[in-house]
Amino acid sequence: MEEKQFIPALRFKWLTPLYDFFISITMPEKKIKQVLISNANIYAYSKLLDFGCGTATLTIMAKQSSPEAKVTGIDIDTEILDKATKKIKEEKLDIFLLDYDGKHVPFQRNAFDRVISCLVFHHLDTDIKQTMLAEIFRVMNKDGLLLIADFGRSKSWVQRTLFNIIRGLDGFKSTDANARGLLPEMISDAGFENVAIKTRFKTMFGEVQIISAEKI
Ligand SMILES: C[S@@+](CC[C@H](N)C(=O)[O-])C[C@H]1O[C@@H](n2cnc3c(N)ncnc32)[C@H](O)[C@@H]1O
């Protein structure tokens with residue numbers, strides 16, 4: 001079987017157990033995730049996908065915000081999904097988790113009303129970003145909403161400089177389109193409309209932007 005190529009949550013697999021602690025002390029994590037969820041307008045019985053769910057912090061918050069929504073998380077890394085499974089069990093929540101090959105989102109077209117994703121796209125090379133945005137477009141229903149939180153190009157040179165810490169860690173190739181502020185354009189190119197940066201967060205690793213887009 002072909003080995004999956006991906007950048008783990010904290011760059012090295014052996015750091016994955018520390019991910020939740022690290023992100024909670026270095027980033028305004030809960031605030032970013034709350035704002036993302038409030039922009040996603042998740043409604044009862046809507047079908048939601050968390051793309052690159054990692055340890056499922058955002059997935060759990062989304063389910064808690066709308067308990068009747070049907071929530072699914074996918075990630076390429078089976079190890080991080082084990083951690084996510086434990087957290088979901090502790091919270092006694094009904095969330096479906098799935099690992100996948102990193103190429104084809106394993107769902108039929110029009111399967112989801114909402115797709116959310118936090119801090120994933122800077123882990124993907126530009127061609128993979130394009131492939132995954134096309135896949136997300138395919139599995140999203142008409143009138144669906146996409147909400148992505150990820151690093152983007154800041155107007156502040158301080159924030160742009162700080163983003164080099166993440167670039168050095170996760171790789172200059174996978175972060176290139178983020179640093180150049182190309183993510184919104186790439187989302188439009190995948191077929192989404194009304195693409196807009198809703199909120200910008202200054203962080204110690206550069207600017208995180210919340211981008212919303214619609215499938216009309
Ligand atoms: C920085 S973590 C973010 C995790 C989670 N979304 C959060 O906000 O806490 C990046 C995640 O992207 C996942 N990832 C990396 N490459 C991926 C790919 N090609 N498809 C889906 N997930 C991927 C990693 O396994 C990791 O869980």
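**Sheet.** I began with the pairing of S4 and S5 in this predicted model, and I found that the two strands run in the parallel sense over six bridges. Within that pairing I noted Val115, which stands opposite Leu146 in S5. I then followed the sheet outwards and read its order as S3-S2-S1-S4-S5-S7-S6, an open arrangement of seven strands with mixed pairing. At the edges I have strand S3 (95–99) and strand S6 (193–201), each of which pairs on one side only. For the twist I wrote down an average of 15° from one strand to the next. As a reminder to myself, strands of a sheet pair through backbone hydrogen bonds, and they do so either in parallel or in antiparallel fashion.

**Core.** Next I looked up the largest nonpolar core, which holds 53 residues, and I asked which of them touch the most other members. They are Leu36, Ile116, Ile136 and Leu146. Strand S5 (residues 140–151) supplies the largest share of this core, namely seven residues. Leu146 therefore came up twice in my notes, once as a member of that leading group in the core and once as the residue in S5 that Val115 stands opposite.

I took Leu36 as the one to trace further, leaving aside residues up to four places away in sequence, and listed its contacts as Ile116, Cys118, Leu147, Ala149 and Ile210.

**Ligand shell.** Around the ligand I counted 21 residues, of which Phe6, Gly52, Gly54, Asp77 and Cys118 come nearest. Cys118 is thus a name I had already entered among the contacts of Leu36. Sorted by class, the shell around the ligand comprises 13 nonpolar, six polar and two charged residues.

**Backbone outliers.** Finally I checked for residues with positive phi that are not glycine, and I entered two of them. Leu119 has a phi of about 60°, and I located this residue in the loop between strand S4 (112–118) and helix H5 (126–139). Is Leu119 buried or exposed? I entered Leu119 as buried because it has 23 C-beta neighbours inside 10 Å, where the cut-off is 20 or more.

Arg11 has a positive phi of about 75°, and this residue sits in the segment before helix H1 (19–26). I recorded Arg11 as partly exposed, because 15 other C-beta atoms lie within 10 Å, a count that falls between the limits of 12 or fewer for exposed and 20 or more for buried.

Conventions. Residues are numbered from 1 along each chain as its sequence is written. This is a predicted model: local features need pLDDT of at least 70, side-chain atom pairs count only at pLDDT 80 or more; totals for chains, interfaces and linings use all residues. Helices (H or I, at least four residues) and strands (E, at least two) are DSSP runs, numbered from the N terminus. A residue is near a molecule or strand if its C-beta atom, placed from the backbone, lies within 6 Å of it. Ala, Val, Leu, Ile, Met, Phe, Trp, Tyr, Cys and Pro count as nonpolar, Asp, Glu, Lys and Arg as charged, and the others, Gly among them, as polar. A nonpolar core is a set of buried Ala, Val, Leu, Ile, Met, Phe, Trp, Tyr and Cys residues joined through C-beta atoms within 7 Å. Two residues are in contact if their C-beta atoms, placed from the backbone, lie within 7 Å. Two strands pair if DSSP finds at least two bridges between them. Axes are lines fitted to C-alpha atoms, for helices over the stretch in contact, and angles run from 0 to 180 degrees between N-to-C directions.
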